[in-house]
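This report describes the structure shown below, taking up its salt bridges, sheets, internal spaces and backbone geometry in turn.

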Amino acid sequence: MSTDAADYRDSGLVFPDGFVFGSATASYQVEGAAEEDGRGPSIWDTFSRIPGKVWNGDTGDVAVDHYHRLDADLDLMRGLGLQAYRFSVAWPRIQPGGSGPVNPKGLDFYSRLVDGLLERGIAPVVTLYHWDLPQPLEDAGGWPARDTAYRFAEYAAHVGAALGDRVDTWTTLNEPWCSAYLGYGSGAHAPGRTDGADALRAVHHLNLGHGLALRELREVVTKDDARFSVTLNFHVLRGVDGTAHEAKRRIDALANRAFTGPMLRGAYPADLVTDTASVTDWSFVQDDDLAAVHQPIDLLGVNYYSTATVRVWDGTGPRQTNDGHKDMGGSPWPGADDIEFLEQPGPYTAMGWNIAPEGLEELLVSLSEQFPGLPLMVTENGAAFDDVVVDGRIHDVDRTDYLRRHFAAAHRALHRGVDLRGYQVWSLFDNFEWGYGYSKRFGIVRVDYDTLERLPKDSAYWYAELVRTRTIPPVPGLAI
Ligand code: FCB
């Protein structure tokens, strides 16, 4: 069968048995209860209080109150037929000080969450770090400091020991690209520092933390078929002129291979080290670090939203920096300030991100070629749009169509032989979208921020049908 987009149907495609359909959230974005049951402060609590950092001064203090509404939310997941729920553990609930004693009430919340999922037949997919670093660890240097990697491994061991008899899939880090380059390079994310050398130190210590945490987890986890993974946000790159090859290589090194190199091949790419020589000499990489980082994983988590087009700036006119991230003064691309990010062709989501489902297919195929034998899972994909409630319904045709197109792209990848095990839609709920606060709605379930009521959107019903039938349904209200 040909896989040309033109003659590949978008609806009616059937996913194989065993393919797992789920949805994802992250602790700081949904939990709220920021000062309850012994939770300590995280870098996002601090950052969101700095004027001008987050839209409207929004914080995660209440978020969607998932912490208190756990049972109802679990019932909602069951109602949609979800087969997996990807959530993250808030490190500051487990170790309010970032190290040392464990807070039993913190562990208890996640233990109840895991039990509640299992009772409803939903597989727990746990991320250990989705960006809410305990503030005391940032005060001690944050991810640019080597010690943070060791603290992360210690924390992972505590969570692994408590939940390791029940969790289906363990993910060490979510998108370390964002933690390092947005947190310490551009300053758009907490803690909001803007130093390229610190960003690269953070890259390495996140990688090291990943490897050290995996070692600990494998010691303490008792569930025989538990899987271990990491989730990366790969940059799918396009080039436009004679500089295409060079520009793509440079950004691929910083964005993608800075993580896959050490984690999956046991070395930093030589070109990355050369390209960034004016920023750092990489002397923070110590003997044996790469062996520690290079641990076997069972699954690679892939987050995908859009593509980027790059070229080497010719030095004339203003340099274009349309890389899809808020401009907060610093650069998220250490050593690559001569690379331009061009405006993408539309259509766009409410984030201004271009909609390019073929990028997902291309990425999945490329990863399976680069890392043969490594199963993949889409751990995030979804879209923000400005929803309107009409007579108690949200006819979110754009979001539903976005999902339909990306599921079709994933299906094409499967058809081309990619070992893709599942798909977690971002997000189950509207939630705190980092620097954009509550202004961007990614949920398939709407949250009314006044009443905190949940209201499934049309996309949620569409998804429930996909999960139930394993077949991509047509999009209501859209002629195809
Ligand atoms: C990803 C994050 C997730 C969410 C989506 C829109 O980068 O992992 O928390 O913000 O983007």
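A search of the whole structure, which is a predicted model, finds 41 salt bridges. One of them is formed by D108 and R112, whose closest N and O atoms are 3.5 Å apart. Because D108 and R112 are four residues apart in helix α5 (residues 104–119), about one helical turn separates them.

## The barrel and its helices

Eight strands form a closed barrel with parallel pairing, in the order β1-β2-β3-β4-β5-β7-β10-β11. From one strand to the next, the twist averages 25°. Within this barrel, strand β4 (residues 169–174) is paired with strand β5 (residues 227–233) in the parallel sense, over four bridges. N174 stands opposite T231 in β5.

Helix α8 packs on this sheet and touches β3 (123–129), β4 and β5. The direction of α8 makes about 40° with that of β5. Helix α10 (residues 244–265) lies across β4, β5 and β7 (299–303), and runs at about 160° to β5. Both β4 and β5 are thus in contact with α8 and with α10.

## The open sheet

A further sheet is open and has three strands, in the order β6-β8-β9, with mixed pairing. Strands β6 and β9 (339–342) stand at the edges and have a single partner strand each, so one side of each is left without a neighbour in the sheet. The twist of this open sheet averages 40° from one strand to the next. Strands β6 and β8 run parallel and are joined by four bridges. Among the residues concerned, V236 has T307 in β8 as its bridge partner. Helix α13 lies across β6 and β8, running at about 110° to β6.

## Pockets and cavities

The table sets out the principal spaces by volume and by the class of their lining residues.

| Space | Volume | Nonpolar residues | Polar residues | Charged residues |
|---|---|---|---|---|
| Largest pocket | about 720 Å³ | 18 | 16 | six |
| Second largest pocket | about 270 Å³ | six | five | four |
| Largest cavity | about 60 Å³ | nine | two | no charged residues |

The largest pocket encloses about 720 Å³ of space. Its lining comprises 40 residues, and those closest to the pocket centre are S306, D323, G324, H325 and W353. Two elements, α8 and β8 (307–312), give two or more residues to the lining of this pocket. Helix α8, which packs on the barrel sheet, and strand β8, which belongs to the open sheet, therefore both contribute to the lining of the largest pocket.

The second largest pocket, of about 270 Å³, is lined by 15 residues. Nearest its centre lie H235, D252, N256, S366 and Q370. The elements that supply two or more residues to this lining are β6 (236–239), α10 and α13 (357–370). Of these, α10 also lies across strands of the barrel, whereas α13 lies across β6 and β8.

Four cavities of 30 Å³ or more are counted. Which residues line the largest cavity? The lining consists of I43, W44, Y129, W131, W143, C178, S179, Y184, H189, A190 and P191. Helices α2 (43–47) and α8 (176–186) each supply at least two residues of it, and the largest share, three residues, comes from α8. By class, nine residues of this lining are nonpolar, two are polar and none is charged.

## Backbone geometry

Where does the chain adopt a cis peptide bond next to a residue of the cavity lining? The bond from A190 to P191 is cis, with omega near 5°, and both A190 and P191 line the largest cavity. P191 is found in the loop between α8 and α9 (196–220).

A cis peptide bond also joins W426 and S427, with omega at about 5°. S427 lies in the loop that connects β11 (420–426) and β12 (445–447), and β11 is a strand of the closed barrel.

A33 has a phi near 45°, which is a positive value in a residue other than glycine. A33 lies in the loop between α1 (27–30) and α2, and α2 is a helix that supplies residues to the lining of the largest cavity.

Methods
Residues numbered from 1 in each chain as written. Predicted model: local features only at pLDDT ≥ 70, side-chain atom pairs only at ≥ 80, totals over all residues. Heavy atoms only, no water. 1 Å grid on protein atoms, 1.4 Å probe; cavity = no way out; pocket = protein on both sides within 12 Å on 5 of 7 lines; lining within 4 Å. Points joined across faces, edges and corners; volume = space filled by probe spheres on them. Nonpolar A, V, L, I, M, F, W, Y, C, P; charged D, E, K, R; others polar. Pairing = 2+ DSSP bridges. Axes fitted to C-alpha atoms, helices over the stretch in contact; angles between N-to-C directions. Contact = heavy atoms within 4.5 Å. Salt bridge = Lys/Arg side-chain N within 4 Å of Asp/Glu carboxyl O.
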